Amino acid sequence: MYSGPVIDPHHHLWDLSMGKHPWLLPSDPTVQALPGLEQIAHDYLPADYSRDASKHNVVATVHIEALWAGDPVGETRWLETLDKSNGVAVRYVGGASLGQENALSVIAEQASFDRVTGIRGILSWHPDPKKCFVTDPELGRNAAWRRDVAALQSHGLNLELMMYPYQAEIVREIASDLPGLQIIINHCGSPIDRDAEGMQRWRDGLKLIATCPNIAIKISNPGAYDHDWTLESVRDVALHCIDCFGTERSMFGTDYPVSRIQMSYDQIYDTFKAIAASFDLEEQAALFHDNAKRFYRL
């Protein structure tokens with residue numbers, strides 16, 4: 001079982017008293033695809049993360065934008081004020097309204113912060129409207145959206161990407177058109193449809209995008225689309241990710257506290273460690289630490 005240093009490349013922080021996260025409130029229907037939000041609708045700050053991670057050798061973490069309402073650079077400024085002594089949120093993936101009029105200026109401002117290594121984009125469209133994060137299935141082909149993504153490459157920023165298997169071909173196009181852009185896929189590529197057809201669609205989608213050398217994947221929040229998860233069901237998903245991307249382009253991450261809706265922090269990393277035990281120590285170090293260190297320039 002891996003006991004070396006861990007970098008968690010995916011988690012969130014929020015202070016609800018600031019009024020910047022209306023999506024966590026039951027009166028806001030923005031994120032219908034995430035049931036159970038009432039379980040995490042309370043402040044989550046560096047001390048809370050450190051408490052949850054206390055049984056694991058977490059030496060650094062990467063904060064992922066948390067749908068901050070209004071000026072997304074405000075979230076980055078807020079993160080800059082937080083305690084870094086335990087390594088929590090020492091790198092950030094910021095927000096920007098890709099495809100919108102002010103996105104280029106927001107990207108430039110985000111890039112001015114040394115701790116910002118990327119911007120997150122969301123393409124997760126599903127035929128079931130209740131599972132959608134966006135309304136346009138072709139958003140990834142939108143000219144303004146693609147213009148802004150190209151700007152990330154010029155600023156040396158990664159594209160952090162949420163997608164469903166339905167967007168695999170679009171993601172492959174983006175990676176092929178912008179070979180200098182590092183793309184990092186969130187949450188195993190979101191195997192949301194758990195029937196045989198849906199899981200095959202997910203497997204085929206990962207195989208397709210993995211052919212692009214500038215795409216990496218985070219094996220994060222493994223219970224998000226697997227509410228009746230077992231070690232074996234998580235293992236099947238994690239090993240397919242690693243089969244496609246190799247141990248050099250795969251990372252384990254938590255998505256805490258969102259992932260707490262299905263799994264505790266210890267359950268997430270204990271499960272990952274059990275799965276990774278079949279790999280040699282160098283490969284385990286890559287999955288838990290070294291790849292995140294490289295991709296997030298720690």
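Begin by selecting leucine 231, which lies in helix α7, in what is a predicted model throughout. With a relative accessibility of 33%, leucine 231 counts as partly exposed. If you display its surroundings and set aside the neighbours within four places in sequence, the residues in contact with leucine 231 are Thr271, Ala274 and Ile275. Add aspartate 270 to the selection as well: its C-alpha atom is separated from that of leucine 231 by 9.7 Å, although the two are 39 residues apart along the chain.

**The sheet**

Now show the strands as a cartoon and follow the open sheet of eight strands, whose order is β1-β2-β3-β4-β5-β6-β7-β8 and whose pairing is parallel. The edges are formed by β1 (6-11) and β8 (250-253), each of which has a single partner strand, so that one side of each is left without a neighbour in the sheet. Looking across the strands, you will find that neighbours in this sheet are turned against each other by 25 degrees on average, with direction ignored.

Return to helix α7 (residues 231-245), which packs on the sheet by touching β7 (215-220) and β8, and whose direction makes about 165 degrees with that of β7. Then select helix α8 (residues 265-276), which lies across β1, β2, β7 and β8 and runs at about 150 degrees to β8.

**Where β1 meets β2**

Zoom in on β1 and on strand β2 (residues 58-64), which run parallel and are joined by four bridges. Which residue of β2 is the bridge partner of aspartate 8? It is threonine 61, and this residue deserves a selection of its own. Threonine 61 is buried, its relative accessible area being 1%, and its side chain is joined to that of histidine 11 by a polar contact of 2.7 Å. Beyond its neighbours within four places in sequence, threonine 61 has contacts that include Asp8, Tyr49, Gly87 and Val90.

**The nonpolar cores**

Next, colour the largest nonpolar core, which has 82 residues; those that touch the most other members are Trp145, Leu159, Ile183, Ile185, Ile209, Ile215 and Phe252. The largest share of this core, seven residues, comes from α7. A second, separate core of twelve residues can be coloured differently, and includes Ile7, Ala60, Ile184 and Ala292. In soluble globular proteins, nonpolar side chains tend to be buried together.

Centre the view on isoleucine 215, which, not counting residues up to four places away in sequence, touches Val171, Ala175, Gln182, Ile183, Ile185, Ile209, Phe245 and Arg249. Two of these residues, Val171 and Ala175, lead to helix α5 (residues 168-177), in which Ala168, Ile170, Val171, Glu173, Ile174 and Ala175 are buried. What covers the buried residues of α5 includes α4 (143-155), β5 (158-162), β6 (183-185), α6 and β7.

From there, move to alanine 210, which is found in helix α6 (residues 196-210) and is buried, with a relative accessible area of 10%. Apart from its neighbours within four places in sequence, alanine 210 is in contact with Cys244, Phe245 and Arg249.

**The cysteines**

Cysteine 244 makes a convenient next selection, since it is buried at a relative accessible area of 16%. The closest cysteine sulfur to that of cysteine 244 belongs to cysteine 241 and is 7.1 Å away, too far for a bond. The structure as a whole holds zero disulfides. Cysteine 132 is likewise in no disulfide, the nearest cysteine sulfur being that of cysteine 188, 20 Å away. Is cysteine 132 buried or exposed? At 15% relative accessibility, cysteine 132 counts as buried.

**Two loops to finish**

Select asparagine 221 in the loop between β7 and α7, and inspect its backbone: phi is near 45 degrees, a positive value in a residue other than glycine. Asparagine 221 is buried, with a relative accessible area of 4%.

The last stop is the loop between β8 and α8, where aspartate 255 lies. Aspartate 255 has a phi near 65 degrees, again a positive value in a residue other than glycine, and it is buried, with a relative accessible area of 3%. Proline 257 has its place in the loop between β8 and α8, and a cis peptide bond, with omega about 0 degrees, joins tyrosine 256 and proline 257.

Methods
Residues are numbered from 1 along each chain as its sequence is written. This is a predicted model: local features need pLDDT of at least 70, side-chain atom pairs count only at pLDDT 80 or more; totals for chains, interfaces and linings use all residues. Side-chain values use heavy atoms; hydrogens and water are left out. Buried means under 20% relative accessible area, exposed over 50%, partly exposed in between (1.4 Å probe, protein chains only). Contact means heavy atoms within 4.5 Å. Two strands pair if DSSP finds at least two bridges between them. Axes are lines fitted to C-alpha atoms, for helices over the stretch in contact, and angles run from 0 to 180 degrees between N-to-C directions. A nonpolar core is a set of buried Ala, Val, Leu, Ile, Met, Phe, Trp, Tyr and Cys residues joined through side-chain atoms within 4.5 Å. A polar contact is a pair of N or O atoms within 3.5 Å; within protein, one must be able to donate a hydrogen and the other to accept it, and residues adjacent in sequence count only if both atoms are side-chain atoms. A disulfide is a pair of cysteine sulfur atoms within 2.5 Å.
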